[in-house]
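Reader: I would like a close look at a single part of this model, with the rest brought in where it helps to place that part. Please take your time over it and keep the account connected.

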Amino acid sequence: MNKGPASSLLSIGQLARQTGASVRSIRHYDDHRLLTSSRADNGYRYFQATAVVQVRQIQRMIAAGFTLADIKGFPDCMRLIEGAKACPETSAVQRERLAHIERQIEELERRRALLLETLQDGIAD
């Protein structure tokens, strides 16, 4: 890249402000090749405006419990379209993630019941 960025590019700070993601998170996504950046002569990262949608999608998928490895494997229909919830290519992974979350809920409910039982047993004494 030349001395400075083109005006259509976003600095990492601008991208962070527009998405609510931390600069550290954006670097992490970029390092995992979920985003594409270019470097200025000074080493600063610059992103295309489409990165705003990508970061928002990555954040949404992480909030749903997907790992960066999962997200990296998702097709463009999930990573590049803001608000995209599913693609035929991702249905199996999404169902698997849902089953995992449901198993975690069942385990937490079991633990809760044990703790409640323990507390009630302690009160009866």
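What follows is a request about one helix and a single connected answer to it.

Reader: Which residues of α1 meet α3, and which residues of α1 make the contact with α2? Please also tell me which residues have the most contacts inside the largest nonpolar core.

Author: The model is a predicted one, and a short outline of the chain helps before turning to the helix itself. The chain has six helices and three strands, and from the N terminus on its elements follow the order β-α-α-β-β-α-α-α-α. Of the 125 residues, 29% count as buried, and among the contacts with a separation of 6 or more, 53% are between residues 24 or more positions apart.

Just before the helix comes strand β1, residues 10–11, in which Ser11 is placed. Ser11 has a relative accessible area of 19% and is therefore buried, since the cut-off for that class is under 20%. Leaving out residues up to four places away in sequence, Ser11 touches Arg45 and Tyr46.

Now to the helix and its two packing partners. Two packed helices are described by the angle between their axes and the distance between the axes. For α1 (residues 12–19) and α3 (residues 51–63), the angle is about 55 degrees and the axes are 10 Å apart. The two helices are therefore oblique to each other, and the crossing of α1 and α3 is right-handed. On the α1 side the contact is made by Leu15, Gln18 and Thr19, and these meet Ala51, Val52, Val55, Arg56 and Gln59 of α3. By residue type, this contact of α1 with α3 divides into four nonpolar, three polar and one charged.

With α2 (23–31), the axis of α1 crosses at roughly 110 degrees, and the two axes come within 9 Å. That angle makes α1 roughly perpendicular to α2. Ile12, Gly13, Leu15, Ala16 and Thr19 are the α1 residues of this contact, and Val23, Ile26 and Arg27 are those of α2. Here the residues divide into five nonpolar, two polar and one charged. Leu15 and Thr19 thus appear in the contact with α3 and again in the contact with α2.

Leu15 deserves a closer reading. Not counting residues up to four places away in sequence, Leu15 touches Leu10, Ile26, Phe47, Ala51, Val52 and Val55. In this list Ile26 belongs to the α2 side of the contact with α1, while Ala51, Val52 and Val55 belong to the α3 side of the other contact.

Val52 shows the meeting of α1 and α3 from the opposite direction. Val52 is placed in helix α3, and at 7% relative accessibility it counts as buried. The C-alpha atoms of Val52 and Leu15 are separated by 6.4 Å, although the two residues are 37 residues apart along the chain. Apart from residues up to four places away in sequence, Val52 touches Leu10, Leu15, Gln18 and Thr19.

These contacts can be set beside the core of the chain. In soluble globular proteins, nonpolar side chains tend to be buried together. The largest nonpolar core in this model has 19 residues, and those with the most contacts inside it are Leu15, Ile26 and Leu35. The helices α1, α2, α3 and α4 (68–73) each supply at least two residues of this core, and α3 gives the most, with five residues.

Two residues in loops show how other parts of the chain meet. His32 lies in the loop between α2 and β2, and at 35% relative accessibility it counts as partly exposed. Leaving aside neighbours within four places in sequence, His32 is in contact with Leu68 and Lys72; His32 and Leu68 are 7.6 Å apart, C-alpha to C-alpha, and 36 residues apart in sequence. Arg33 has its place in that loop between α2 and β2 as well, but at 66% relative accessibility Arg33 counts as exposed. Most residues other than glycine have a negative phi, whereas phi of Arg33 is near 60 degrees, a positive value.

Phe66 lies in the loop between α3 and α4 and, at 9% relative accessibility, counts as buried. Setting aside neighbours within four places in sequence, Phe66 is in contact with Met61, Ile71, Phe74, Val93, Gln94 and Arg97. Of these, Val93 is 27 residues away from Phe66 along the chain, and the C-alpha atoms of the two are separated by 9.1 Å.

Definitions and conventions
Residues are numbered from 1 along each chain as its sequence is written. This is a predicted model: local features need pLDDT of at least 70, side-chain atom pairs count only at pLDDT 80 or more; totals for chains, interfaces and linings use all residues. Side-chain values use heavy atoms; hydrogens and water are left out. Axes are lines fitted to C-alpha atoms, for helices over the stretch in contact, and angles run from 0 to 180 degrees between N-to-C directions. Helices (H or I, at least four residues) and strands (E, at least two) are DSSP runs, numbered from the N terminus. Angles under 35 degrees count as roughly parallel, over 145 as roughly antiparallel, 65 to 115 as roughly perpendicular and the rest as oblique. A crossing is left-handed if the near helix is turned anticlockwise from the far one by less than a right angle, and right-handed if clockwise. Contact means heavy atoms within 4.5 Å. Ala, Val, Leu, Ile, Met, Phe, Trp, Tyr, Cys and Pro count as nonpolar, Asp, Glu, Lys and Arg as charged, and the others, Gly among them, as polar. A nonpolar core is a set of buried Ala, Val, Leu, Ile, Met, Phe, Trp, Tyr and Cys residues joined through side-chain atoms within 4.5 Å. Buried means under 20% relative accessible area, exposed over 50%, partly exposed in between (1.4 Å probe, protein chains only).
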